[in-house]
Amino acid sequence: MAAEEQLSRPRVPSDRLKEAQGLQSPLKPTPENIAKGKSLFEGKGTCFTCHGKEGTGEGLAAAGLDPPPRNFTNSAFHAMRTDGELFWVIKHGSPGTAMMPMVGSVITEEEAWLVLLYERSLGRKK
Ligand code: HEC
């Protein structure tokens, strides 16, 4: 499968996709919320272990993962997903991959929205 096609395929199962795409973030991308998301990404949320401290997908635990962790500095990727879809994956995981459900076990729903604001901000740099 071509890399671009592999990336554009939605990770939410088709029977849940419409519902997930419609979910709206209750939080605004204020500098304060993005800073909170960054500390979750680099700390309690453990996201950096796979996605890398810079969010490029090159964390210490990323070696050998297939598919590899998402690179959040790729702005083209962000354009392919709604906030709701990404929230759904943070909550329920990406079935069949190393991306496990994080809400409940590791972070709360509100923290998932915060960390998503940070991941989105990485795609806007440069
Ligand atoms: C054990 C490794 C691992 C950890 C820890 C991890 N991820 Fe992931 N993540 C992955 C992998 C692998 C993928 C790619 C899954 C795929 O291609 O379907 C991914 C994909 C994603 C995606 C993209 C979903 C999409 O639709 O393409 C988001 C958003 C995400 N992770 C957020 C997070 C957040 C937030 C955290 C921390 C709370 C986190 N991840 C922690 C491995 C991890």
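Buried means under 20% relative accessible area, exposed over 50%, and partly exposed in between, with a 1.4 Å probe and protein chains only. The model is predicted: local features need pLDDT of at least 70, side-chain atom pairs count only at pLDDT 80 or more, and totals for chains, interfaces and linings use all residues. Residues are numbered from 1 along each chain as its sequence is written, and side-chain values use heavy atoms, without hydrogens and water.

**Exercise 1.** Determine which residues of α3 are buried and on which side of α3 they lie.

*Solution.* Helices are DSSP runs (H or I, at least four residues), numbered from the N terminus.
1. The buried residues of α3 are N33, I34, G37, L40 and F41.
2. These residues cover an arc of only 120° around the axis, so they lie on the same side of α3; the arc is that of the directions from the helix axis to the C-beta atoms.
3. An α-helix has 3.6 residues a turn, so residues three or four places apart point the same way.
4. On the other side of α3, P31 and E32 are exposed.

**Exercise 2.** Describe the coordination of the iron atom of the ligand.

*Solution.* Donors are N, O and S atoms within 2.8 Å of the metal (3.2 Å for Na, K and Ca); water is not among the atoms, so sites may look incomplete.
1. H51 (NE2) and M99 (SD) coordinate the iron atom at 2.0 to 2.2 Å.
2. H51 belongs to helix α4 and M99 to the loop between α6 (83–92) and α7, 48 residues apart.
3. H51 is buried, at 10% relative accessible area, whereas M99 is partly exposed, at 24%.

How values were computed:
Helix = DSSP H or I, 4+ residues; strand = E, 2+ residues; numbered from the N terminus.
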